[in-house]
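Here are a few notes to read with the model open beside you. Take them one at a time and find each spot as you go.

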There are 2 protein chains.
Amino acid sequence: MTEIARETPTAMSTDAATEPPITARRAQTRERLMAAARTVFADRGVEGASVEEICEAAGFSRGAFYSNFGDRSELVLAMIQQSSLMQLAAAQSAVATMMAAGHKDADELVSIALYALEGLGVTRSADETIGDRELMLHAARHPELHQTYLGFVDTCLAQVESLIIDGLRHAGLELTIGVRDAVALLAGTHQHLQTMAMFDSRRSDPSLLGTLLGTITRPHAGSRPYGVG
Amino acid sequence: MTEIARETPTAMSTDAATEPPITARRAQTRERLMAAARTVFADRGVEGASVEEICEAAGFSRGAFYSNFGDRSELVLAMIQQSSLMQLAAAQSAVATMMAAGHKDADELVSIALYALEGLGVTRSADETIGDRELMLHAARHPELHQTYLGFVDTCLAQVESLIIDGLRHAGLELTIGVRDAVALLAGTHQHLQTMAMFDSRRSDPSLLGTLLGTITRPHAGSRPYGVG
DNA sequence: TGTATCGGATACAGATCTGTATCCAATACT
DNA sequence: AGTATTGGATACAGATCTGTATCCGATACA
């Protein structure tokens, strides 16, 4: 009796579901679910958030969720991959803007660094920072996600690196340490600032990035430093 | 029928349970439960770990758990408070050892910094780091824990600060930036190194701390630097 | 305009999980 | 030795949560 109904609807989609045809509407639903998940994860933690909560926040039913993602871990994976693309795009547009404007002084350098660092799992508001870190920690707990997450990190670090190089040249400065080390120090410093900000925004002073940049740079020999060249 | 049994056992303990008398045995049980929780949290996340799992890992039943903690959040609170004490003790003993041995060169400085930084939610193995960060993030998600966690952080930062001050004097060096900034940079750098280590230990090079120290210190004017004074 | 397909909603079964209410054994006190 | 008390184990009821199987409305194609 029940077998009669099992004719085509799911059977067909199962055939195609190996590589689901993501139409525009489907993509939009996925988008909304992922956006809602970020919020809910920040509130409840990745493992503490129920699929129900995520769907409710997105204005969908669980049916919609399971029609778009196999399970929670598939959602998380998609979110990490999405992060990589999003942050990359954000960083690139930020650079483009700053480069085009031809900023050159130290304060702008800090801004550049800040923009560049946005991608490193540490972003704007405290809630977003928490959400990002939930994702990071979830990835850390699951070895199968290590490579994917490192790919994301590398994307961001490379972005920071090229930003620093270009930014310093524009500012007429050069590094006194290796660029890789510089990137790591900037990333760590930003991470620490964001950590503090999660608990008390007043305890996070971005000028620390300026202090750091001051200690690891010097006027570029022969180029056009502030008033020397 | 069932009411007959409800005579005294819990009734008495309820009276006293307002301020439970923590005997030695009780303390040991709490200890084991907290230790087990650290492991389980690292695996499953604070919200993802069931009380059952924690108890099983500790070799107890859920009855033992609820006899010692009101609920999961009470356990987490106790763990954070415990962290503060543990890390403080660890750092102090580390300092005592190093100071007593009279270490003075740059490499030892790095070691000092490392020891001092152990407390900042970023510790030895990758699993412990993950567990510590789970705790941190849980605290970040719960405003009622913010002050408690900041107390822990301040304890650690103050510890690092005095270690740095003493360590540098012993090494005949002085800071080129404020000590608070120096502490923040060291903390952030360590945090970044531990982040990398969570995903791939080969990508975490502690010598970065030495590089950082090198850029923010110089031989102490007039004191006894390496070969100058 | 009619039909096929797709996207999301609903219903349901099984599996956990939490917190409480009892219960029993070992320790401590006398 | 005998009793009081404490610490931990067991049993249970209610509440979720997950994943699947089915169903329905809307869009697209003809």
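Which residue of chain B comes closest to the rotation axis?

1. That would be B:G188, whose C-alpha sits 2.2 Å from the axis. Keep in mind that this is a predicted model. To see the axis, turn chain B by 180° with 0.0 Å of shift along the axis, and chain B superposes on chain A with an RMSD of 0.0 Å. That is the relation of a two-fold axis.

2. Now look at how the chains touch. Of the interface residues of chain B, 100% are also interface residues in chain A, so the copies meet through the same surface.

3. One place to look is where helix 10 of chain A meets helix 9 of chain B: their axes come within 9 Å and cross at roughly 145°. From chain A, helix 10 brings A:H192, A:M196, A:M198 and A:F199 to the contact, and helix 9 of chain B brings B:H146, B:Y149, B:L150, B:V153 and B:L157. Sort these residues by class and you get 7 nonpolar, 2 polar and no charged.

4. Next, the pockets. The largest pocket has a volume of about 420 Å³. It has 15 lining residues, and nearest its centre are A:H192, A:R203, B:L157, B:R180 and B:A184. Four helices each give at least two residues to this lining: helix 10 (179–199) and helix 11 (207–216) from chain A, plus helix 9 (143–171) and helix 10 (179–199) from chain B. By class, the lining holds 7 nonpolar, 2 polar and 6 charged residues.

5. The second largest pocket comes in at about 360 Å³. Here 16 residues form the lining, with A:L157, A:R180, A:A184, B:H192 and B:R203 closest to the centre. Helix 9 (146–171) and helix 10 of chain A, along with helix 10 and helix 11 (207–216) of chain B, each supply at least two of the lining residues. This lining has 7 nonpolar, 3 polar and 6 charged residues.

6. Finally, how confident is the predictor? For chain A the mean pLDDT is 80, and 72% of the residues reach 70 or more. Among the elements of chain A, helix 4 (residues 51–58) has the highest mean pLDDT, 97, and helix 1 (residues 2–5) the lowest, 31. Go carefully over residues 1–19 of chain A: the pLDDT there is below 50, and the stretch has 1 contact beyond near neighbours in sequence. Residues 224–229 of chain A are also below 50, but that stretch has 13 such contacts in the model.

Key:
Residues are numbered from 1 along each chain as its sequence is written. Chains are lettered from A and ligands numbered from 1 in the order in which they are written. This is a predicted model: local features need pLDDT of at least 70, side-chain atom pairs count only at pLDDT 80 or more; totals for chains, interfaces and linings use all residues. Side-chain values use heavy atoms; hydrogens and water are left out. On a 1 Å grid over the protein atoms alone, a cavity is a set of points where a 1.4 Å probe fits but cannot get out, and a pocket is an open set with protein on both sides within 12 Å along at least five of seven lines; lining residues have an atom within 4 Å of a point. Grid points are joined across faces, edges and corners, and a volume is the space filled by probe spheres set on the points. Ala, Val, Leu, Ile, Met, Phe, Trp, Tyr, Cys and Pro count as nonpolar, Asp, Glu, Lys and Arg as charged, and the others, Gly among them, as polar. Axes are lines fitted to C-alpha atoms, for helices over the stretch in contact, and angles run from 0 to 180 degrees between N-to-C directions. Contact means heavy atoms within 4.5 Å. Copies are superposed by least squares on the C-alpha atoms of residues with pLDDT of at least 70 in both. pLDDT is the predictor's confidence in each residue, from 0 to 100.
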